[in-house]
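This report covers backbone features and internal cavities of one structure. The sequence and the model are shown first.

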Amino acid sequence: MDHLVREVITPGKLRDWLEYYPSQNRAIAQQLAPAIQVPAEQIFIGNGAIEVIQAILHQFVHGRIAVNLPTFSSYYEFATPGVEPVFYQLEAAQDFSLNVDDYLAWVERQQPAAVVLINPNNPSGTYLSIADVTRLIQSLRHLESIIIDESFIHFAADPDADESIPSVAKLVADHPNLVVVKSLSKDFGIAGIRAGYGVMAAERVSRLLQHGYLWNSSGLAEYFFRLYARPDFQAAYAPVRQRYRQDFAAFQTVLARIPGLQVFPSQANFVLLKLTSGLSADEFFTQLLTDHGIYVRTCRDKRGLENGEYVRVAGRTAEENTAILSAVQAVLGNHSGRGLAG
Ligand SMILES: *Cc1c(COP(=O)(O)O)cnc(C)c1O
């Protein structure tokens, strides 16, 4: 947003981005290719990642689609009538982490046409290492589609991937059934712009573009796509990302010490909490909002989280995290106090 204000709004250049048609899908892909380090022909630009998900589910999934629970619900809600979602439950007792061997055996039994892995997962924040994801992709070559959603990958760190982003987009070259989905909404804080992309086999991009999606982006989204690909932006973003991750790690550590909470280790920009003190997620949500002006996400409507009082809390700046921590402490402290008083 700072870049937009500095480079577009303040110098009065907004008109340049809005008066004319934006670049077409392939031209924006060309811009992004060096930054993502895959050939432009493998990039499909979406009006948000949600459009990429919709396009894949409608074009490249025939039969069952395997979805892990808890999940981002579009992956089963957008399934067309012929597609049957089958659910693999991640367990709270295992911190919602994925056991690759168990999962592969389950896939063998269920025989889905496609599998979805969100990494790090939404809403649990659990992360599967680049080595494990690679093994999974290699073991599932026979499927029609493997969808890996890396919308939160900029928040993750992998010792095997050094300081870079642990994306598996490069594997598309050797795995024509692989689709890597990426939203720019969360890590760059531009959800209203609607910018996302998918990396997939060149033939798949061609098939999608034969049927439309020519100008599915917008002038403003194009500005942000180009910004995302700029080396000067990437250089400025790297230390911000690093600091965010440190602040978020500290936030998780303190949260985990608060009585009445179970914290599931997260590599995303949010953390899933289970309330263990008897306070309901709705009460917790209401008190945080009305007494402290803090909005958290209750998870009652999330499939696979019905057996407990779960909330998802986003990490913010270090200063805001401190405010969130004291508010959470106050709400849980009040609750246990009231409990003791009968
Ligand atoms: C938010 C989200 C999306 C959708 O992102 P948009 O780019 O805003 O459409 C896709 N996948 C996951 C896992 C998300 O959390």
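In this predicted model, Gln-37 has a relative accessibility of 53% and therefore counts as exposed, the cut-off being over 50%. Gln-37 sits in the loop that runs between helix 3 (25–36) and strand 1 (43–46). Its phi is near 60°, a positive value in a residue other than glycine.

Tyr-213 also has a positive phi, near 65°, and is likewise not a glycine. This residue belongs to the loop between helix 8 (202–210) and helix 9 (219–229). With a relative accessible area of 25%, Tyr-213 is partly exposed, because its value falls between the limits of 20% and 50%.

Two peptide bonds that precede proline are cis. One joins Leu-69 and Pro-70, with omega about 0°; Pro-70 is in the loop between strand 2 and helix 5 (74–77). The other runs from Asn-119 to Pro-120, with omega near -10°, and Pro-120 is placed in the loop between strand 4 and helix 7 (130–139).

Strand 2 is mostly covered, with 5 of its 6 residues buried. Its pairing with strand 3 (residues 84–89) is parallel and spans 6 bridges; within it, Asn-68 has Tyr-88 of strand 3 as its bridge partner. Strand 2 also pairs with strand 4 in the parallel sense, over 2 bridges, and here Ile-65 is partnered by Ala-114 of strand 4.

The model contains 2 cavities of 30 Å³ or more. Their volumes and lining classes are as follows.

| Cavity | Volume | Lining residues by class |
|---|---|---|
| Largest | about 40 Å³ | 8 nonpolar, 2 polar, 1 charged |
| Second largest | about 30 Å³ | 4 nonpolar, 3 polar, no charged |

The lining of the largest cavity includes Asn-119, Tyr-127, Leu-128, Ser-129 and Ile-130, as well as Glu-150, Pro-166 and Val-168. Asn-119 is thus both a lining residue of this cavity and the residue before the cis bond to Pro-120.

The second largest cavity is lined by Val-67, Asn-68, Thr-71, Val-116, Leu-117, Ile-118 and Asn-121. Strand 2 (64–69) and strand 4 (114–118) each supply at least two residues of this lining. Strand 4 gives the most, with 3 residues. Asn-68, one of the lining residues, is also the bridge partner of Tyr-88.

Technical notes:
Residues numbered from 1 in each chain as written. Predicted model: local features only at pLDDT ≥ 70, side-chain atom pairs only at ≥ 80, totals over all residues. Heavy atoms only, no water. 1 Å grid on protein atoms, 1.4 Å probe; cavity = no way out; pocket = protein on both sides within 12 Å on 5 of 7 lines; lining within 4 Å. Points joined across faces, edges and corners; volume = space filled by probe spheres on them. Nonpolar A, V, L, I, M, F, W, Y, C, P; charged D, E, K, R; others polar. Helix = DSSP H or I, 4+ residues; strand = E, 2+ residues; numbered from the N terminus. Buried < 20%, exposed > 50% of the residue type's maximum accessible area, 1.4 Å probe, protein only. Pairing = 2+ DSSP bridges.
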